[in-house]
Amino acid sequence: MQRRKFIKNATITATAIISTPLAASYSNEKTKITPTKGIKPIVIATWDVANASAKAWEVLKNGGNSLDAVEQGVMIEEADESNQSVGKGGRPDRDGKVTLDACIMDHQGNCGAVLCMQNIVHPVSVARKVMEETPHVMLAGKGAEQFAYEMGFEKENLLTEKSKQEWLEWKKTSQYKPIVNIENHDTIGMLAIDSIGNISGACTTSGMAYKISGRVGDSPIIGAGLFIDNEIGGATATGVGEEVVKTVGSFLIVELMRQGKSPQEACEEGVNRIIAKNKGNLNFQIGFIAINKQGETGAYCIQPGFTYRTYSEKGHLNNTPDSYIKV
Ligand code: SD4
């Protein structure tokens with residue numbers, strides 16, 4: 001049976017580079033919270049991804065839905081070769097292969113993901129196809145790539161000359177040091193709430209630079225790198241994915257909002273859980289952003305240096321959240 005037919009006929013229920021300016025001053029004090037007033041529609045995205053948030057806003061402003069907004073938004077970063085953490089131009093694994101992870105989740109709780117996929121510029125769109133065209137949630141490696149070709153995606157070399165030269169340089173010492181902040185460009189997690197109040201999210205990355213071949217982080221893992229519950233809100237993560245996976249970070253934040261916390265309070269608690277597990281060794285970055293059903297937003301991170309974009313009728317802002325470690 002042709003694979004495409006199988007997909008259609010299936011009856012299975014679908015159910016970094018540490019820049020090391022670290023350890024300035026640790027603080028356990030409660031940080032001052034300035035909650036963002038609720039507003040809809042709105043898009044919120046990790047890092048200073050102005051073109052991506054502008055694209056998502058264009059979709060929302062024209063009455064588009066939140067799922068299209070987040071997909072089209074993050075596609076901008078996937079195609080941007082100058083962003084070396086996402087899509088084409090992403091830094092390779094230690095063997096020189098660019099492997100991409102992405103996921104997407106809609107307001108009905110549907111989701112799709114691709115893990116460790118090569119040669120396709122837009123993993124988020126393949127993830128959406130997994131969600132919409134198959135009875136599955138995740139496809140990995142060669143299977144994901146093969147599925148992408150069957151869905152009409154084209155093969156493309158993702159290793160740009162710049163990323164290749166940097167990798168060749170790295171190979172001289174082969175020291176694995178996850179980057180804390182790649183200023184302005186990093187894994188993109190995006191959440192949007194549209195004018196009828198539906199929330200969707202997407203997350204896409206090339207993962208940690210020079211990772212062991214086959215390594216997958218939090219970004220394509222529903223509940224870790226991204227989670228949406230349309231009754232409550234959504235959350236997404238950036239940073240060292242292993243730590244986010246261990247606390248099922250994005251799911252945790254949504255559940256904390258369900259218990260009554262604001263997006264800001266929930267992000268702080270999510271980061272604090274990770275800090276509690278890593279006492280004395282906070283030599284890494286984690287940043288969370290979150291949105292609730294009212295369109296209120298929040299964000300928190302371990303290290304200074306993380307920023308996030310919001311775009312609503314109030315304007316297009318590059319925001320600097322509070323961090324656990326102070327400058
Ligand atoms: C990962 N969370 O693969 C991603 C990488 C990232 O900032 O967000 N870098 O672990």
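**View 1. The residues around the ligand in this predicted model.** Let's start in the binding site, where the ligand is surrounded by D186, T187, T205, G207, M208, R215, G217, D218, S219, T238, G239 and G241; a residue counts as near if one of its heavy atoms lies within 4 Å of the molecule. By class, this shell holds 1 nonpolar, 8 polar and 3 charged residues (Ala, Val, Leu, Ile, Met, Phe, Trp, Tyr, Cys and Pro count as nonpolar, Asp, Glu, Lys and Arg as charged, and the others, Gly among them, as polar).

**View 2. Polar contacts of the ligand with T187, R215 and G239.** A polar contact is a pair of N or O atoms within 3.5 Å; within protein, one must be able to donate a hydrogen and the other to accept it, and residues adjacent in sequence count only if both atoms are side-chain atoms. A ligand oxygen lies 2.8 Å from an N or O atom in the T187 side chain, and an oxygen of the ligand is 2.7 Å from an N or O atom in the side chain of R215. From the backbone, a polar atom of G239 sits 2.7 Å from a ligand nitrogen. Taken alone the ligand exposes 280 Å², and the protein buries 98% of that (accessible areas by the Shrake-Rupley method with a 1.4 Å probe; for residues, only the protein chains shown count as cover).

**View 3. Helices α8 and α9.** Helix α8 (residues 249–258) packs with helix α9 (residues 263–277) at an angle of about 135°, their axes 9 Å apart. Axes are lines fitted to C-alpha atoms, for helices over the stretch in contact, and angles run from 0 to 180 degrees between N-to-C directions. That angle makes α8 oblique to α9: under 35 degrees counts as roughly parallel, over 145 as roughly antiparallel, 65 to 115 as roughly perpendicular and the rest as oblique. The crossing of α8 with α9 is right-handed (near helix turned clockwise from the far one by less than a right angle; anticlockwise would be left-handed).

**View 4. Helices α2 and α3.** Here α2 (residues 50–61) and α3 (residues 66–79) pack at about 155°, with axes 7 Å apart. The two are therefore roughly antiparallel, and they cross in a right-handed sense. Helices (H or I, at least four residues) and strands (E, at least two) are DSSP runs, numbered from the N terminus.

**View 5. Backbone at P41 and C116.** K40 and P41 are joined by a cis peptide bond, with omega about -10°. P41 is in the loop between β1 (25–26) and β2 (42–46). In strand β4 (residues 111–117) you will find C116, whose phi is positive, near 50°.

**Notes.** Residues are numbered from 1 along each chain as its sequence is written. In this predicted model, local features need pLDDT of at least 70 and side-chain atom pairs count only at pLDDT 80 or more, while totals for chains, interfaces and linings use all residues; side-chain values use heavy atoms, with hydrogens and water left out.
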